[in-house]
Amino acid sequence: MSGRPAQRMFGITSALSVEGPTEKDKVMTEDLQKTIEPFGSFDTPDGLSHRIQVLTKLNELVKEFVRKVAKECRLPEHLHGELGGKIYTFGSYRLGVHTRDGDIDTLCVVPQHVTRHHFFTIFLDMLKKTEGVTECRDIREAFVPLIKLYFDGIDMDILFARLANNSKVPEDQDLRNIEILRNLDEKCVRSLNGCRVTDEILHLVPNIETFRLTLRAVKLWARRKGIYKNALGFIGGVCWAMLVARTCQLYPNAAPSTLLEKFFLLFSKWDWPKPVFLKVPEDAPPGFTHPVWDPRFNPLDRSHLMPIITPAYPHQNSTFNVSRSTLSVMKQEIKDAYETTKQILQKTPNPDEPNTRLWAELFNKTDFFNKYKHFIVLSATADQQEQYQKWIGLVESNIRKLVNDLERNEYILIAHVNVESIELDPAEEGQSPRYVCRWFLGLSFHRCEVKPNINLTQDIQRFTDLLHQAAISHNNYTPDMRVEARYVKRHNLVKFLTPELAKTLKLSKSKEGRKSKTNANNGNAENSAKAKKTEEAAKKEESKGESKEKLETHQSSITMAKDIAITTNFEGQRAERSVKNAEEKESSDSLPKVEKAANPPKTVQKENRKRALDDGDNDIFREKKRMSEGADPNMISKTIQLKFAQ
């Protein structure tokens, strides 16, 4: 028998390679670390110390909160000091990969006598009165309810979990113990899942330090490429952590520079929707009935496009927000990154050029606004700061639903939302709207032999209705809260962007050619000849590019209503939604006006007809219900007619 010790197996399969790092790997890893440092990927010692101080203050506040509730519940006073209560961290901070300006995800764990109502009343009030706490607000309607705030300048999220079987929370309470989930409600289980998943990841990687540096690089790359945001249909920090952890399991002894290349290699060839597991899912203990991800029994799980399964019970797919468009964008970015890393690893650092970073090319920022020719610009506006913050949160959390609707259009190949929104400087007091936030969706289309007319009005109307209904149902609606959608071509984006972004816009080659031609007519013969050559070269490049492109976006004519106002009366309140086309009628380069839209294919007609009938049935049901509650029948009849007229 060999004297070499057996290699421990991590994950659900054995390692693909157990080779250790070479000298070049170590040099390339050092270069990788120096490359990502200027981007704020590492916190400073002072910054880390400040975070520890803030967490200590918050932990003491939780203990005081538990004692305060105990007094209200008239628990014996001699027990108050033993009840405990504790703040746990999870996410990037717990994994040890938080950035210099990153937030801290925390979990408030309390004993059984403290309820969620206490958390959102007594504790919320205590936080608002604490020195150093600003912008403190509760989000009770979220899938995982939480409190958001800034504590001494640090962005923090605080979740809540009540241990139903524990009369106290000791300092050494282990959240990985599955028994703490017994008799807990679903919201508490979801809250605990963040900490349990993070701790499980750290227990499942072979080398925590190489995992951390690789993850820092992957997270920076994902942010620079605009594919890092769970709420908008991409994936967040914990999902990227699980993918990096799986790579580390397959190459347990590799250096971070090698792991980074293997990461892009592995997932550029991954056969989605094949799921990613970090360990074999464990069976539920007796008496546990929490739902788990299992496509064999759950039909909805079969529709997930990019399943990455959490390693802690109850096992869930952490990427259920991923859509066809976002998956396509992420796959292409990963493939491009793999080609880039291959080229980088073929190079050797030059000792005579110590300031040259070989890895810099991998972290070039994506050029979103020059990637597409067609855009939808979403603008959310409000006049009050507090209402504005709630409104933009609601709009952003629902943009992925608009993307899903757009993807159902048979002509649209990709609806790509830019994860970086643009917030304008507040207008002066008394002006309306005072606060404005914008999101941008780039559109790509399937190749079509016939020039189609794509009408997006219905999708936009459905989206704006959804937002206002959600605001009303949450009792957050005010008349100044508006959302507007505009269709814009790239060359008309300037007025919607910041001056810095507007400078990066590139006109199409045909427009540059026309510009050159105009300048040539005003110049001398020599300049004219040069301009003609430039124009001819531009035309050749344009025709060459068109023959290679898989998409022909210029062949599609997009129409949206010029100015549609949809009004809804709800308990005396009037909510307005508007859908506008940013193309001016007088503009010579606007989309061609179509007197009569081409008939869509029968499949599209059938789908639109079904949507209209469904919407009509729902409207009739709601109006009949109002009639039964004593509303005027004549007004009800007029309302139904108006809705169908729209």
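Here is a short chat about how some descriptions of this predicted model are reached.

Colleague: Let's start with the whole chain. How many helices and strands does the protein chain have?

Modeller: The protein chain has 16 helices and 14 strands. Buried residues account for 48% of its 646 residues.

Colleague: Why is Arg74 called exposed?

Modeller: Exposed means a relative accessible area over 50%. Arg74 has 77%, so the word applies. Arg74 is in the loop between α2 and β1 (86–90), and its phi is near 60°, a positive value in a residue other than glycine.

Colleague: And what makes Glu135 buried or exposed?

Modeller: The same cut-off of over 50% is used. Glu135 comes out at 57%, so it is exposed. Glu135 is placed in strand β3 (residues 133–139), and it has a positive phi of about 50° although it is not a glycine.

Colleague: Why is strand β7 said to be largely enclosed by the rest of the structure?

Modeller: Buried means under 20% relative accessible area. In β7 (residues 412–417), 5 of the 6 residues are buried, so the strand is largely enclosed by the rest of the structure.

Colleague: How do you know that β7 and β9 pair?

Modeller: Pairing takes at least two bridges between the strands. β7 and β9 (residues 435–445) have 5 bridges, in the antiparallel sense, so they count as a pair. Within that pairing, Ile414 stands opposite Ser444 in β9.

Colleague: What makes the link between the side chains of Asp43 and Arg51 a polar contact?

Modeller: The limit is 3.5 Å between N or O atoms, with one able to donate a hydrogen and the other to accept it. The side chains of Asp43 and Arg51 are 3.0 Å apart in this contact, so the distance fits. The side chain of Asp43 makes another polar contact, with the side chain of His98, at 3.1 Å. Asp43 lies in the loop between α1 (23–36) and α2 (45–72).

Colleague: Which residues of α8 and α9 make the contact between these helices?

Modeller: Helix α8 (residues 256–268) and helix α9 (residues 324–345) pack at about 145°, with their axes 8 Å apart. Among the residues in the contact are Phe264 and Leu265 of α8 and Ile334 and Tyr338 of α9. The contact residues divide into 7 nonpolar, 3 polar and 3 charged.

Colleague: Where are the cis peptide bonds at Pro314 and Pro433?

Modeller: One joins Tyr313 and Pro314, with omega about 0°, and Pro314 is in the loop between α8 and α9. Another joins Ser432 and Pro433, also with omega about 0°, and Pro433 is in the loop between β8 (422–423) and β9.

How values were computed
Residues are numbered from 1 along each chain as its sequence is written. This is a predicted model: local features need pLDDT of at least 70, side-chain atom pairs count only at pLDDT 80 or more; totals for chains, interfaces and linings use all residues. Side-chain values use heavy atoms; hydrogens and water are left out. Buried means under 20% relative accessible area, exposed over 50%, partly exposed in between (1.4 Å probe, protein chains only). Helices (H or I, at least four residues) and strands (E, at least two) are DSSP runs, numbered from the N terminus. Axes are lines fitted to C-alpha atoms, for helices over the stretch in contact, and angles run from 0 to 180 degrees between N-to-C directions. Contact means heavy atoms within 4.5 Å. Ala, Val, Leu, Ile, Met, Phe, Trp, Tyr, Cys and Pro count as nonpolar, Asp, Glu, Lys and Arg as charged, and the others, Gly among them, as polar.
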